[in-house]
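The following exchange examines how certain structural terms are justified. Each answer sets a value against its criterion.

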Amino acid sequence: MARVYNFSAGPAVLPEEVLREAQEDLMDYKGCGMSVMEMSHRSRMFDDIIKSAEKDFRELVGVPDNYRVLFLQGGGCMQFAQVPMNLMNKHHKADYIITGNWAKRAWNEAKIYGDAVAVASSEDKNFTYIPDCSDLPIDDDADYVYICENNTIYGTEYFQLPNTKGKLLVADVSSCFLSRPIDVTRYGMFWGGVQKNVGPAGLVIAVIRDDLITDDVYPGTPTMLKYKTQADKNSLYNTPNCWSIYICGLVFKWLKKIGGLEEMNKRNEKKAKVLYDYLDQSKMFKGTVRKQDRSLMNVPFVTGDKDLDAKFVAESAAAGFENLKGHRTVGGMRASIYNAMPYEGVAKLVDFMEDFEKKNLK
Ligand SMILES: *Cc1c(COP(=O)(O)O)cnc(C)c1O
């Protein structure tokens, strides 16, 4: 059995240990004679799974008692609607910082439910940087300020949260979820689609301060889409994505075992450094993002020559480095080096790039 080094932006690589454990449990989960996919979400077995997942998640992230953890469906894109439906409820206005495709889609969706204002954008330079967010024209009556904390496509990441001037901060953390420690109290809410850095697709984990969970939502909001519905029923209002919750639970245990988010962050910094250091001195490859904003998770790079890019993508795939083709809006290549990508995978990629550069540099 040969596993490749999978640099996919999402769904993405999962820890091998977790996959093996899931494999072991598949036919007979802990002696109950069935798999997690086959059991009732109301069973005692599953109750244990979802409760331990939440407990481990809270411990890992350090979620205070006045925040709820919700397991939701509909993927990241559902949150683009669910956030304004639930939180744009006082002045029907919210401020958005546009740092890429996902932030822009969230902003466009929010316009359906109220006054969504773009207070900053980095589109002038194809989203290759994070705008200065120290003194933005935040609206006095903004219900929240929205950011996408790590921009999966463009490879930028906030290393300092914006000054929201006292307004609630709402963040999409999909592609940096559990990659480093965070201070939950800085956010009114953050949420992540798990398929980038945590588990199988089809699950969003949302962390939301309990005073924000109310019945005061956009008129006509479906029952399913009120955070309160899910909070009141502990994410079991209807059948949740049981399988994904189970795998995420295993990933939380894996993260705890390796030393938690501090250790994960150290490893992620080390992985990103070996790749960025190489890019910085390469005569062929070039990173596309302003240095201080470079993501630890998604690393886009180009050669400046489309044919050479294509040759690199083909040859790297043949050598066991999969999914390095860049997003069409950036071109070139993108290496997503999420939590589960081992250091060895990045180091070997750099060796391969060095070799490719030697052979192809004119
Ligand atoms: C992938 C991604 C999304 C969209 O997630 P879906 O689950 O496909 O809807 C949203 N935000 C970010 C930052 C992403 O990387």
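**Reasoning from values to terms**

Q: What makes up the lining of the largest cavity, by class?
A: The model is a predicted one. The lining of the largest cavity has nine nonpolar, one polar and two charged residues. Among the lining residues are Val61, Glu149, Arg180, Ser179 and Leu261. Glu149 and Arg180 belong to the lining, and both residue types count as charged because Asp, Glu, Lys and Arg form that class.

Q: Why is the space of about 100 Å³ called a cavity?
A: A cavity is a set of points where a 1.4 Å probe fits but cannot get out. The largest cavity holds about 100 Å³ of space, and the count comes to one cavity of 30 Å³ or more.

Q: What makes the contact between Thr152 and the ligand a polar contact?
A: A polar side-chain atom of Thr152 lies 2.5 Å from an oxygen atom of the ligand. The cut-off is a pair of N or O atoms within 3.5 Å, so this pair qualifies as a polar contact. The protein buries 87% of the 390 Å² that the ligand exposes when taken alone.

Q: Which backbone atoms lie 2.8 Å from an oxygen atom of the ligand?
A: A polar backbone atom of Gly76 is 2.8 Å from a ligand oxygen, and a backbone N or O atom of Cys77 is 2.8 Å from a ligand oxygen. Both distances fall within 3.5 Å, and therefore both pairs are polar contacts.

Q: Which element gives the most to the shell around the ligand?
A: Helix H3 (residues 75-87) gives the most, with four residues. In total, 13 residues surround the ligand. By class, the shell has four nonpolar, seven polar and two charged residues.

Q: Why are E11 and E12 said to pair?
A: Two strands pair if at least two bridges are found between them. E11 and strand E12 (residues 298-302) share two bridges in the antiparallel sense, so the criterion is met. Gly287 stands opposite Phe301 in E12.

Q: Why do strands E11 and E14 count as edges of the sheet?
A: The open sheet has three strands in the order E11-E12-E14, with antiparallel pairing. E11 (286-287) and E14 (333-336) each have a single partner strand, so one side of each is left without a neighbour in the sheet.

Q: What lines the largest pocket?
A: The largest pocket, with about 440 Å³ of space, is lined by 20 residues, of which Val13, Leu14, Ala340, Met341 and Pro342 lie nearest its centre. H7 supplies the largest share of this lining, four residues.

Notes: Residues numbered from 1 in each chain as written. Predicted model: local features only at pLDDT ≥ 70, side-chain atom pairs only at ≥ 80, totals over all residues. Heavy atoms only, no water. 1 Å grid on protein atoms, 1.4 Å probe; cavity = no way out; pocket = protein on both sides within 12 Å on 5 of 7 lines; lining within 4 Å. Points joined across faces, edges and corners; volume = space filled by probe spheres on them. Near = heavy atom within 4 Å. Polar contact = N/O pair within 3.5 Å; in protein donor to acceptor, adjacent residues only side chain to side chain. Areas by Shrake-Rupley, 256 points an atom, 1.4 Å probe, with all protein chains shown as cover.
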